[in-house]
Every structure is written in structure tokens, then in C-alpha cells.
Amino acid sequence: MSDRNGNDSKQEQPGGLFARLRRPSKMSLGGLLAAGFVIGILFWGGFNTAMEATNTEKFCISCHEMYDNVYTEYKETIHYNNRTGVRATCPDCHVPKDWTHKMIRKIQASREVWGKLTGTIDTREKFEAKRLQLARSEWKRMKAADSRECRNCHSFESMNTEVQKQRARKQHEMALEDKMTCIDCHKGIAHHKPNGMTEADEE
């Protein structure tokens, strides 16, 4: 008899985690939806804040690999300093603006973080040794995207070729006819060209 009472009391005790999850919640459906909505906003706000924080020139040049190498070269170019005062920063050229392509680029950039952690380009000598490989990778990405980031500011449709120098006008007209993209001709526009480039790289 006492044994039976002991078994009954055991059955009345709350079960483990799974048993508690199977029990109906005391919260109303509206309460659950409201909680989910608030949690979603907090998650999205935090995620978006992190994305924007890593999408600034200050973040890009926070490691010496970028600051000491490509950033110093970029400061010599018209994209950094010009008569109009319009500046294209690192993410303007290297990070897509639309969400889908931006996320793809951020995932690709995780390899660059790994390179930072393992010190693959932490000296000038190491950087120069890998420079052509890094440049080819970026040229390939830009060509595949039809120079999407360049076209955020530049487009054939918006160009007034009549006020361009004759050589530039001719080149742009030919590029338009041949369906070429910006990076085909402007590989050295913001950074020095790497040593060891081949004729195929120049095409």
C-alpha cells in the first residue's frame, strides 16, 4: 500500500525537460507572438549593427596589413582626394550594397579573417608575395559581378563622352560595344598593380 502511494507521488512530480516542453504553455498565443517579435527585432538590430560596423573604412584599415599596404596606395588616387570632394571608401568598392550579395561577400571575407589570424600577410614581404594572387581573386570577383560596385557611381548611360578626352571617349565607346566591364581596363585605379602580371592579367 505504502509502495503504491510512493509510485503515485513519483508520477505526480514534474518530469524532465521533454515532459515540460510537451505540456501546454501558460502564456497566451498573443504573448508568445509579442515575445517572438521583440526577440526578432533585437536579433535583427544586433545583426545589422554588426554588419554595418564591419562595413566601414575605419574597420577595414584597423589591421596593419591593409593600412600599411593598400590603404597608403589608395590615398594617392583620385578616389581618395579629388576636386569634387566625393570619396569612394574601401566598402564602396569591395562590398556590394544589396543584402544578398553583401552577405555572400561577408562570408567570403571570413577567409580574410582566417588569413589575419594565421599571419599569412602580416609583413610587407609576405603581402607582396601573395599580392598577385589576392589581386587576381578580386579582379575575378569584380568581373563576375560586371563591376557592380564601380557601377554604383559610374555607368556608361550616365557618361557624357563629349566632355571626355578623345582617348577615354574612344575606349568607353569600344567597351560599350564589346560589352566590357570596368575592371577589364581599370585594374590599377585604386591600388598599385602587382609585380608579375601577365598579358592575360592586363587584358
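Which residues line the second largest pocket? Keep that in mind while I set the scene. This is a predicted model.

Here is the list. From the helix H8 stretch, residues 124-144, we have Arg136, Trp139, Lys140 and Lys143. Then come Ile183, Asp184 and Lys187. Ala200, Asp201 and Glu203 complete the lining.

Which helix gives the most to this lining? H8 does, with four residues. Helix H10, 182-185, and helix H11, 199-202, each supply at least two. The volume of this pocket is about 160 Å³. Now the chemistry. Seven of the lining residues are charged, three are nonpolar, and there are no polar ones.

Next, a lysine. Lysine 102 sits in helix H7, residues 99-118. Is lysine 102 buried or exposed? Its relative accessibility is 10%, so it counts as buried; the cut-off for buried is under 20%. What does lysine 102 touch, leaving out residues up to four places away in sequence? Glu52, Asn55, Val95, Pro96 and Lys97.

Last, the cysteines. How many disulfides does a search of the whole structure find? Zero. Take cysteine 153. The closest cysteine sulfur belongs to cysteine 93, and at 7.6 Å that is too far for a bond. A disulfide needs the two sulfurs within 2.5 Å. Cysteine 153 is also exposed, at 63% relative accessible area.

Now cysteine 182. The nearest cysteine sulfur is in cysteine 150, 4.4 Å away, and cysteine 182 is in no disulfide. Cysteine 182 has 18% relative accessibility, so it counts as buried.

Technical notes:
Residues are numbered from 1 along each chain as its sequence is written. This is a predicted model: local features need pLDDT of at least 70, side-chain atom pairs count only at pLDDT 80 or more; totals for chains, interfaces and linings use all residues. Side-chain values use heavy atoms; hydrogens and water are left out. On a 1 Å grid over the protein atoms alone, a cavity is a set of points where a 1.4 Å probe fits but cannot get out, and a pocket is an open set with protein on both sides within 12 Å along at least five of seven lines; lining residues have an atom within 4 Å of a point. Grid points are joined across faces, edges and corners, and a volume is the space filled by probe spheres set on the points. Ala, Val, Leu, Ile, Met, Phe, Trp, Tyr, Cys and Pro count as nonpolar, Asp, Glu, Lys and Arg as charged, and the others, Gly among them, as polar. Buried means under 20% relative accessible area, exposed over 50%, partly exposed in between (1.4 Å probe, protein chains only). Contact means heavy atoms within 4.5 Å.
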